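Let's walk through this fold together, one question at a time. Have a look at the model first.

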Amino acid sequence: MFVLELTYTAPLEAVDAVLEEHVRWLDEQYRRGVFLASGRKNPRDGGVIIAVAGDRARIEEITAQDPFVTAGVCAYRVTEFTATKTAPALEAYRETL
């Protein structure tokens, strides 16, 4: 499981210019079962995504395709973790050490 932290590297006007493309990209990752939750940070200087994938390389490949990245308006910080405890709704993603 991964926590993806987005930090805007450009003014909000530039971010908003590619927001629709970013949302379509998010929707596709949800359809593929990669993203579990996402949203804006408060204050609005980026966002957070909870994701699942086979490995870090796959997550880095996916984030590199984000329109925010290709437009140069955000940077990602990827944190991989082992979800050893989850809410019942996320039981399928629970891992053992």
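Q: With which residues is leucine 4 in contact, leaving aside its neighbours within four places in sequence?
A: This is a predicted model, where local features need pLDDT of at least 70 and side-chain atom pairs count only at pLDDT 80 or more, while totals for chains, interfaces and linings use all residues. Residues are numbered from 1 along each chain as its sequence is written, and side-chain values use heavy atoms, with hydrogens and water left out. Contact here means heavy atoms within 4.5 Å. By that test, leucine 4 touches Phe35, Gly47, Val48, Ile49, Ala51, Ile59, Thr63, Tyr76, Arg77 and Val78.

Q: Which element gives the largest share of the largest nonpolar core?
A: A nonpolar core is a set of buried Ala, Val, Leu, Ile, Met, Phe, Trp, Tyr and Cys residues joined through side-chain atoms within 4.5 Å, where buried means under 20% relative accessible area, exposed over 50% and partly exposed in between (1.4 Å probe, protein chains only). The largest one has 19 residues, and those with the most contacts inside it are Leu4, Phe35, Ile49, Ala51 and Phe68. Strand 1, helix 2, strand 3, helix 3 (56–64) and strand 4 each give two or more residues to this core, helices (H or I, at least four residues) and strands (E, at least two) being DSSP runs numbered from the N terminus. The largest share, four residues, comes from strand 1.

Q: Which strands stand at the edges of the sheet?
A: Two strands pair if DSSP finds at least two bridges between them. Four strands form an open, antiparallel sheet in the order 2-3-1-4. Having a single partner strand each, the edge strands have one side left without a neighbour in the sheet, so the answer is strand 2 (35–40) and strand 4 (74–80).

Q: What is the bridge partner of glutamate 5 in strand 3?
A: Strand 1 (residues 2–8) pairs with strand 3 (residues 46–51) in the antiparallel sense, over six bridges. Within strand 3, the partner of glutamate 5 is valine 48.

Q: Why do the buried residues of helix 2 line one face of the helix?
A: The residues concerned are His22, Trp25, Leu26 and Gln29. An α-helix has 3.6 residues a turn, so residues three or four places apart point the same way. On the face turned away from the buried side, helix 2 carries the exposed residues Glu20 and Arg31. The buried residues line one face because, seen down the axis of helix 2, they fall within an arc (of the directions from the helix axis to the C-beta atoms) of 105 degrees.

Q: Within what arc do the buried residues of helix 3 fall, seen down its axis?
A: In helix 3, Ile59, Ile62 and Thr63 are buried. They line one face of the helix, since seen down its axis they fall within an arc of 95 degrees.

Q: What is the omega of the cis peptide bond that joins asparagine 42 and proline 43?
A: Most residues other than glycine have a negative phi, and most peptide bonds are trans. Proline 43 is found in the loop between strand 2 and strand 3. The cis bond joining asparagine 42 to proline 43 has an omega of about 10 degrees.

Q: Which residues is valine 69 in contact with, leaving aside its neighbours within four places in sequence?
A: Valine 69 is found in helix 4 (residues 67–70). At 29% relative accessibility, this valine counts as partly exposed. Leaving aside neighbours within four places in sequence, the contacts of valine 69 are Thr63, Ala64, Cys74 and Tyr76.
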